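Colleague: I would like to learn how to read the features of a model like this one. Please give the general idea each time, and then the case at hand.

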Amino acid sequence: MTEALRPFRFGVVAPVMTDVRAWREQVRRIADQGYGTVLLPDVPGWQPSPAPTLAVAASITDLRVGTWVSASPVRPAWEIAWEAHSLTHLTEGRFELGIGTGRPGIEDLVRDLGLPPVSTRERLERIRAAVEDLRRLDGPDVHTPVAMAVRGPQARALAAEVADIVTVAVLPADRRERTERIARELRGVRDITLALHVSVVGETVAPFMTGPGTVPADLRAADSLAYLSDDPSAAVDELQRRRDETGFTYVVIGSNAADTLAPVVAQLV
């Protein structure tokens, strides 16, 4: 398949969980280890706002930067598009917009922020509007890559239409077969970059990439694609299998597993 011929690239979701100086050093180390992209979640109250934080990351390294992912229920479409286009301009083309309908429990956050509830259909309409606004702002000579996190059929259909990169949102109980089937369906529509959202490496859980109470053994039992071994040789073999059989080439992990997988990145990039 065409996607299997593309090279691997690796991204790290690296929220500001420590002091800013330590975070900057972490970003530099991620770049030195061969990772291609540093990413930030979009959850108000967890960390500084993604846009200025990503601008800082881009200013201290040559990494690509992006959101993983902007939550459509908490931001107007025009604001998402404006920030994305601005970051593309300021980073000289190194920004990618990750966008989705929101992590589980987003309804509670929407309520706490004093925002009106947003139905699933409205969230998807907001994503479409954000991408359309972004394309108008970019104009004919600029293209900000859009990565969508999807699960249900409506989100998958929209992603197949407007996204450059797609990651399938995986629940702990989801088996490999389900995720691979969805990935193949997406690539059956058009040639699209498939991303793996790997929230667990060995026994290390990225708390900002998965729900509370995630148990690594449960993901292993389900043969989940959200899990990856912390043994470098086994991880290399598994990632090559996932690329060759299904087409996954963009691997996104949490910053607490970046050092563990650095030998894997060095071998595959």
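Modeller: Start with a charged pair: Glu-245 and Arg-241 form a salt bridge, with their closest N and O atoms 3.3 Å apart. A salt bridge here is a side-chain nitrogen of Lys or Arg within 4 Å of a carboxyl oxygen of Asp or Glu. This is a predicted model, in which local features need pLDDT of at least 70 and side-chain atom pairs count only at pLDDT 80 or more, while totals for chains, interfaces and linings use all residues. Residues are numbered from 1 along each chain as its sequence is written, and side-chain values use heavy atoms, with hydrogens and water left out.

Colleague: Why are Glu-245 and Arg-241 separated by about one helical turn?

Modeller: The general idea is that an α-helix has 3.6 residues a turn, so residues three or four places apart point the same way. In this case Glu-245 and Arg-241 are about one turn apart because they lie four residues from each other in helix α9. Helices (H or I, at least four residues) and strands (E, at least two) are DSSP runs, numbered from the N terminus.

Colleague: Are Glu-245 and Arg-241 buried or exposed?

Modeller: Burial is read from relative accessible area: buried is under 20%, exposed is over 50%, and partly exposed is in between (1.4 Å probe, protein chains only). Glu-245 is partly exposed at 38%, and Arg-241 is partly exposed at 36%.

Colleague: Which residues are linked with this pair in a network of salt bridges?

Modeller: The network links Arg-176, Glu-180, Asp-223, Glu-238, Arg-241, Arg-242 and Glu-245. Glu-238 is found in helix α9, residues 232-246, and counts as buried because its relative accessibility is 16%. Its side chain makes a polar contact of 2.7 Å with the side chain of Arg-176. A polar contact is a pair of N or O atoms within 3.5 Å; within protein, one must be able to donate a hydrogen and the other to accept it, and residues adjacent in sequence count only if both atoms are side-chain atoms. Contact in the wider sense means heavy atoms within 4.5 Å. Beyond its neighbours within four places in sequence, Glu-238 is in contact with Arg-176 and Leu-228.

Colleague: How many salt bridges does a search of the whole structure find?

Modeller: The search finds 26. Among them, Arg-75 is joined to Glu-79, with the closest N and O atoms 3.0 Å apart. Arg-75 is buried at 12%, whereas Glu-79 is partly exposed at 21%. Another joins the side chains of Arg-187 and Asp-191, at 3.0 Å from N to O. Arg-187 is buried at 16%, and Asp-191 is partly exposed at 37%.

Colleague: Now the strands. With which strands does β1 pair?

Modeller: Two strands pair if DSSP finds at least two bridges between them. Strand β12 (residues 248-254) runs parallel to β1 over five bridges, and strand β2 (residues 37-40) runs parallel to β1 over three. Val-12 has Ile-253 as its bridge partner in β12 and Val-38 as its partner in β2. Four of the five residues of β1 (residues 9-13) are buried.

Colleague: Which strands continue from β2?

Modeller: Four bridges join β2 to the parallel strand β3, residues 64-67, where Leu-40 stands opposite Thr-67. Two bridges then join β3 to β5 (residues 95-100), also in the parallel sense, and Val-65 stands opposite Phe-95 there.

Colleague: What handedness do the β-α-β units have?

Modeller: A crossover is right-handed if, with the strands pointing away from the viewer, the path from the first strand over the helix to the second runs clockwise. β1, helix α1 (residues 20-32) and β2 make a right-handed unit, and so do β2, helix α2 (residues 50-60) and β3.

Colleague: Which residues have the most contacts inside the largest nonpolar core?

Modeller: A nonpolar core is a set of buried Ala, Val, Leu, Ile, Met, Phe, Trp, Tyr and Cys residues joined through side-chain atoms within 4.5 Å. The largest one has 63 residues, and Phe-10, Tyr-35, Met-148 and Leu-239 have the most contacts inside it. Leaving aside neighbours within four places in sequence, Tyr-35 is in contact with residues including Phe-10, Val-12, Ile-30, Leu-63 and Ile-253. A second, separate core of twelve residues includes Trp-68, Ala-147, Phe-208 and Val-252.
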